[in-house]
Amino acid sequence: MNESENVFLYKRRYLSLKELMDYNNERLKLKLLLLFYKNRFLTKHLHLFDRFSLKKNKFFESYSLVRELSDDLSQSYKEITLSQLNYFEALEIDDFDKCRKTIISKFSKARLFTSSRNQKELKEKLAEVKRKFDSISWGTLFYIDFEKKRDKNNDLISSVDVDYIKTNESYFIIKIKISPSEKFEKKFKQIIENKDYSLSKHHYHSYLEILKLKRFYSYESMGISSKTLNIDNLLSDLNQQVKKNITKYFKGYFYDSKISPSLPSIEYYEVGDISKFHLDNSLKRNFNSSFNGYYSNEDNQIEVYFSNSKNRSTRFQVVKQKGHGSKEQKGKDDTDYDRIETHYLLNSLSFPCVFKGILIELFEKLNNLKRDVYDFGNDTKNMNIFKSLFFFKYNNSYLKLKQTLVHILIMTKRFENEFTKNSLVIYTEEFELEKINSLNNRTRKEKTNFLFDTVEEFSESIKVLNEKTKEINEVFKSIEELNSYRTSYLLQIISLFIGILAFIFAFDKVKDYCLDLFNFLVN
């Protein structure tokens, strides 16, 4: 964390090995660059762009300050809280046995396991999950209070409620409801209350290119909001703590995702006055509206944001005016209707959020398979004697490709039968999402709503996924046929070679018979 000259940067605590190496390399290159710049004999050897950038910029961590993001028409709004986050993990029901054992063994001390009755009921419920094909179900798994066992890897989490959604026959979805800790709330408040600055990030050449070109900087990324960067970094740390404490035991779809390091999530923000929230242009930059705009209910007091970009499409953001769901209470009615409304709203958004992430993962897996199939065809198109020696290696690669393709074919077939337009609506019935309408949509003239757009998008995605899978299968059939002929041919050669070797080694025993046969044929 670094705070200097009113620029506040929240530094991420959890970095991958590659991110850590990149960060250290950047710091080292910046130190070398500053060393050259401050030395009057060395500075003349610096590239003009390097000298100009150092002269005009103030540096904060890996970023340089451009200017304060101020707008005469913008008002700073600070009455916003991030009061709840829902993270999701998904497992294929075919692999559910391991998940069931993990829930019972790893989380046996969680609150809902304290009584033998609850433990027995949950075991019975989980035992039926894998075989109940034609039923959708929801339920509670366990609750953990991290306030009672605090350490550095859970200091952003107050408590965790873990529920599940079971689809007909494809997925067991784990829903992780996070109540942020006091430390998280303080950091978030500090980010909101600090000014927003426009930052730029310089990207460096490699060490070898620096020596060749005599230039440190490669290019510069502009227009980075310090407030958005800080919120993203804080949420990244929270995401890593959820992985370390919960999802690492399940290792589902998103734990080791190559697409995004973040789990699919829903961020729930409460504001005191949503009209004033819209006047803070700096704060609004954090919300992922795209060409499809965002969604709002009829009185414009509930808003749903998400982006269609690949890296952020599994992050939903809900902004709701505090007290929107409250009702006039009579007599002894002390029901918190506002909290109930929030509960139903987030429950209805849960499946769209996680299924969007699942589809992105499947499309990525399909693209990788397509590339692997083409590479396999290219590698084996000219099978010379040397390549023939690696017969088993190529056949093993072929079998792995076939297994992956068969798995995707099964999944797409299930999707066609399981996730129809009618069935998709079932997962969102707790809240009237059809009353949350699209706003600022630049791609459509007609007015649409969240439910309609989501169902249409999923139906179209499943259709495209199915078509692409069939295309790859057709290509693979040709490779499969060629591989079958090639395998048969190589096996014949190997059999002939083994026969010749056997004849040579047994020649002493059969030579008399061979000579007699030869003489008989000659005579």
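## Overall composition

The secondary structure of the protein consists of 15 helices and 15 strands. The model is predicted. Buried residues make up 44% of the 523 residues of the protein. The exposed area is about 29,500 Å², and carbon and sulfur atoms supply 53% of that area.

Among contacts in the protein with a separation of 6 or more, 75% are between residues 24 or more positions apart.

## Strand 9 and its partner

Strand 9 covers residues 197-204, and 8 of its 8 residues are buried. The cover applies to both faces of the strand. On one side are Y197, L199, K201 and H203, and on the other are S198, S200, H202 and Y204; all are buried.

Strand 10 covers residues 217-225 and pairs with strand 9 in the antiparallel sense, over 6 bridges. Within this pairing, K201 stands opposite S221 of strand 10.

## Aromatic pairs

A pair of aromatic rings is described by the distance of the centres and the angle of the planes. The protein has 27 aromatic pairs. One of them joins Y164 and F172, with ring centres 5.1 Å apart and planes at 20 degrees; the angle is under 30 degrees, so the pair counts as stacked. Both Y164 and F172 are buried.

Another pair joins Y204 and Y217, whose ring centres are 5.2 Å apart; their planes stand at 45 degrees, so this pair is tilted. Y204 belongs to strand 9 and Y217 to strand 10, so the ring pair ties together parts that are 13 residues apart in sequence. Y204 has a relative accessible area of 17% and is therefore buried, the cut-off being under 20%. Y217 is also buried, at 0% relative accessibility.

Ring pairs also link a set of residues into a cluster: W138, Y171, Y253, F254, F351, F355, F415, F419, Y427 and F458.

## Charges over rings

Two lysines are placed over tyrosine rings. The charged end of K29 sits over the ring of Y207, 4.7 Å from the ring centre. K284 lies over the face of Y294, and here the distance to the ring centre is 5.0 Å.

## Surroundings of F184

F184 is located in helix 5, which spans residues 182-193. Its relative accessibility is 1%, so F184 counts as buried. Leaving out residues up to four places away in sequence, F184 touches L82, L156, L234, L235 and L238.

S158 is 26 residues from F184 in sequence, and the C-alpha to C-alpha distance between S158 and F184 is 9.0 Å.

## Positive phi in loops

Most residues other than glycine have a negative phi. K214 has a positive phi, near 55 degrees, and is not a glycine. K214 is found in the loop that runs between helix 6 (207-213) and strand 10. With a relative accessible area of 60%, K214 lies over the 50% cut-off and is therefore exposed.

N300 also has a positive phi, of about 60 degrees, although N300 is not a glycine. The loop that holds N300 lies between strand 12 (294-296) and strand 13 (302-305). N300 has 40% relative accessibility, so N300 counts as partly exposed.

Conventions:
Residues are numbered from 1 along each chain as its sequence is written. This is a predicted model: local features need pLDDT of at least 70, side-chain atom pairs count only at pLDDT 80 or more; totals for chains, interfaces and linings use all residues. Side-chain values use heavy atoms; hydrogens and water are left out. Buried means under 20% relative accessible area, exposed over 50%, partly exposed in between (1.4 Å probe, protein chains only). Helices (H or I, at least four residues) and strands (E, at least two) are DSSP runs, numbered from the N terminus. Two strands pair if DSSP finds at least two bridges between them. Contact means heavy atoms within 4.5 Å. Accessible areas come from the Shrake-Rupley method with a 1.4 Å probe; for residues, only the protein chains shown count as cover. Rings of Phe, Tyr and Trp (its six-membered ring) pair if their centres lie within 6.5 Å; planes under 30 degrees apart count as stacked, over 60 as edge-to-face and the rest as tilted. A charge sits over a ring if NZ of Lys or CZ of Arg is within 6 Å of the ring centre and within 35 degrees of the ring normal.
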